[in-house]
Amino acid sequence: MSATPLPHNPSIWATLRYQQFRALWSAGGIYFIGNAMQTMAGAWMMVELTGSSFLAALVQTAVFLPMFLLSLPAGVLADITDRRRLILTALVVQAVAGTLMAVLLLAGIGGPGTLLFMIFVAGCCTALLSPAWNSTIADSVTRADLPQAITCVSIAYNAARAVGPALAGLVFTAVGGAWNFALAVVAVVVMALAIRRYPPKPHPPSRLPAERLWGGMMSALRFAWHSQTVLAQLVRTVAYAGAGSALWALLPTIGAQKLGLGATGYGMLMGCLGTGAVLIGLVVGQLRHRVGLEKLVAVGCVVYAVVNLIAAFAPWPSLVYLSLVAGGAAWMAVMSTFNTATQTSVPPWVRSRAVAMHTLCALGSFALGSAFWGAMADIAGLTFTLVVAAAAMAGGLLLGKPFPLRMGEAQEVTQTTPWDELYVSKEPAPEAGPVAIEIGYRIRPEDAATFLEATSLLRAHRKRDGATFWRVYRDLADPSRYVERFIVSSWADYLHQRARHTQADHELEAQVRAFVLPGEAVEMKHYLAEV
C-alpha cells in the first residue's frame, strides 16, 4: 500500500478505475443484497409465525451475533492464512446452509427454531469472510483512495439494505418467503466466482515465525487498547451501534403493529433506510472535509434520535418513510466515518484485525442491542422503547470529549527498520521467553525532566506492538544514566514487535535519543528468562 497522504476532498468515483476493485465491489453488492433479502424474509416470517417482537428482533441477533463471536478470530486468520481459501470455504458452507433452508421452507417443515439456526449459520459464514474480503478490497486500491473505497463499500452495503428488503417483500408477496433464501444462494455463488477470478494478494513472504490464533487475537486487542486513535473510534462505534440498533430491530414491529403494513410495506421501510444511506454516501467524503469528523457525527446522532421519536409517535406511514431516509443517511455518515477512521489508523500487519474489531464493535453491539431493545419492547411497549433509544443516541454525544476522532497519518501506518541492529550470540527458539529488552541512555542530569517526559511517550508504542511490561529506571550509581526496560512474552513476539516499527515510532525515538550526550551510544541488551 502506498504511503501517499490521504486526500482532503476525495471523490468516490476515483476507485472505479481499478478493475479488481470494480469486480469485487460489484460482487459484494450482489452478496449484500442476497443477505438483506434473507434477513428481511426471516424477520417477517418470524412475525407471521409467532407474533413476537422479541423473536423477530432475534433474527437481527442471529445475523449479527456471529460478528461479535467470530470477527476477531476471523481477522487473525485473514492476517496469517490464505485469504482466498478462507473466503471460499465460508461461501461454500453458506451456500449449503441457504439451500437447505430454502428446501425445508418450501417443504413446509421449517419452524422458528430452524429459521433462526440457519440464519445464524449464514451469519457465521459472513463473519468469517468479512475481514479477509475487506482487506482484499483495501489491497485493490492505493492508500490515497482507501477512504473512497471504504465509502463505496458502505454505499453497496446500504444500497443492499434498500434494494434487498424491497425485492424480498415483492418475492414474499408473489411466491412466498422461501424463495428469498434460494435467491440468497445465487448471490453467494456470484461472490465466490468473483473471488476465484480476482483472488486476494498473497501475504508478503516473511522469515518471522507465524503468529498463532490466540497470540494474534491478543496482539490485536493490545494494539487497540494502547492506540488512543483506534480505541476512541471503537468506543464510539459501540455506543452508536448499540443505541441505533433499536430502530433496525423494531422495524418489523413498527410496520406491523403501529402502521398496519404488510411484507411489502416493511420492505419499503427498510428500503427507505438504505436509500438515505446511499444518497449520503455520494457526498459524505466532501462533508467530512467541510464540517469535520466530530460535527458530522454529532449531526448524525441528533438526526437519528429524532427519527426514533418520529417512529415512536407518528401514525402516518408517509412521514415515517420520509424520516427513515434521513435516518439511513445519518447511520451511513456516522458508521462510515468510524470505519474509515479505524482503517486509516492502522499499519498493514493488523489491518484485517482492525476491520474485524470495528465489525465486532459495530455488529456485535448491534446484535446484543437488538435483543435488548426487542425484549424491552415486549415488556415496556414499542413507543417507550424507541424514546429510550433516542435518549441513548443523544447521550452518545458526551463521548466526543474523552474519545475524540481523527484520521491516521501516513507515518503512523508505514513500517520501517528499527534504530538498532539485532545482535545476539545465539538466537533463541521462537517460543523461548519471556524476553527482557534494556535500552540505556546517558544524558545530562539537568535534562532529566524533559527526557522522562519524552520517554514516557514510548510506553504506548512499546505495549501496542507487543510489550507486556514497560518502565524507565534511573541508575543510582550514575545520575546521568537511565535504562528503558520492557518485556515481551517470547522471542517470536519480540521479532514481530521489531517488524511493526513505524515511521512515527522512529520519529518518537529520535526525540528521545536527541538527549543522549555527544559521543555516547545508546546501548541495547537482550535477556532471556531462565527460571
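**Pocket, helix pair and sheet**

Reader: Which residues lie nearest the centre of the second largest pocket?

Author: In this predicted model, T229, R406, E412, H461 and R464 lie nearest the centre of that pocket, and its lining comprises 23 residues. The space in the second largest pocket is about 590 Å³.

Reader: What makes a residue part of the lining, and which elements give two or more residues to it?

Author: A residue counts as lining because it has an atom within 4 Å of a point of the pocket. Two or more such residues come from each of α7 (213–226), α8 (228–258), α15 (410–413), α17 (458–464) and α19 (503–513).

Reader: How many residues of the lining are nonpolar, polar and charged?

Author: The lining of the second largest pocket has eight nonpolar, 11 polar and four charged residues. R406, E412 and R464 are named among the residues nearest the centre; they count as charged because Arg and Glu belong to that class.

Reader: Why is helix α5 called oblique to helix α6?

Author: The axes of α5 (residues 146–175) and α6 (residues 178–197) cross at roughly 130° and come within 8 Å. Roughly perpendicular covers 65 to 115 degrees and roughly antiparallel begins over 145, so an angle between these ranges is oblique. Therefore α5 is oblique to α6.

Reader: Which residues meet where α5 and α6 are in contact, and what are their classes?

Author: From α5 come L167, A168, V171, F172 and V175, which meet W179, N180 and L183 of α6. By class, this contact has seven nonpolar residues, one polar residue and no charged residue. N180 is counted as polar because Asn is in neither the nonpolar nor the charged list.

Reader: What makes β2 and β4 the edges of the sheet?

Author: The open sheet has four strands in the order β2-β3-β1-β4, with antiparallel pairing. β2 (467–474) and β4 (523–528) each have a single partner strand, so one side of each lacks a neighbour in the sheet. On average, neighbouring strands are turned by 15° against each other, direction ignored.

Reader: How do you know that β1 and β4 pair?

Author: Pairing requires at least two bridges, and β1 (residues 435–442) and β4 have six, in the antiparallel sense; therefore they meet the requirement. One of the bridges joins A436 to Y527 in β4. Helix α18 (residues 491–499) packs on this sheet, touching β1, β2, β3 (481–488) and β4.

Reader: What makes β3 a partner of both β1 and β2?

Author: β3 has eight antiparallel bridges with β1 and seven with β2, so each pair satisfies the requirement of at least two. In β3, R485 is the bridge partner of E438, and V488 is that of A467. A hairpin of six residues joins β2 to β3.

How values were computed. Residues are numbered from 1 along each chain as its sequence is written. This is a predicted model: local features need pLDDT of at least 70, side-chain atom pairs count only at pLDDT 80 or more; totals for chains, interfaces and linings use all residues. Side-chain values use heavy atoms; hydrogens and water are left out. Axes are lines fitted to C-alpha atoms, for helices over the stretch in contact, and angles run from 0 to 180 degrees between N-to-C directions. Angles under 35 degrees count as roughly parallel, over 145 as roughly antiparallel, 65 to 115 as roughly perpendicular and the rest as oblique. Contact means heavy atoms within 4.5 Å. On a 1 Å grid over the protein atoms alone, a cavity is a set of points where a 1.4 Å probe fits but cannot get out, and a pocket is an open set with protein on both sides within 12 Å along at least five of seven lines; lining residues have an atom within 4 Å of a point. Grid points are joined across faces, edges and corners, and a volume is the space filled by probe spheres set on the points.
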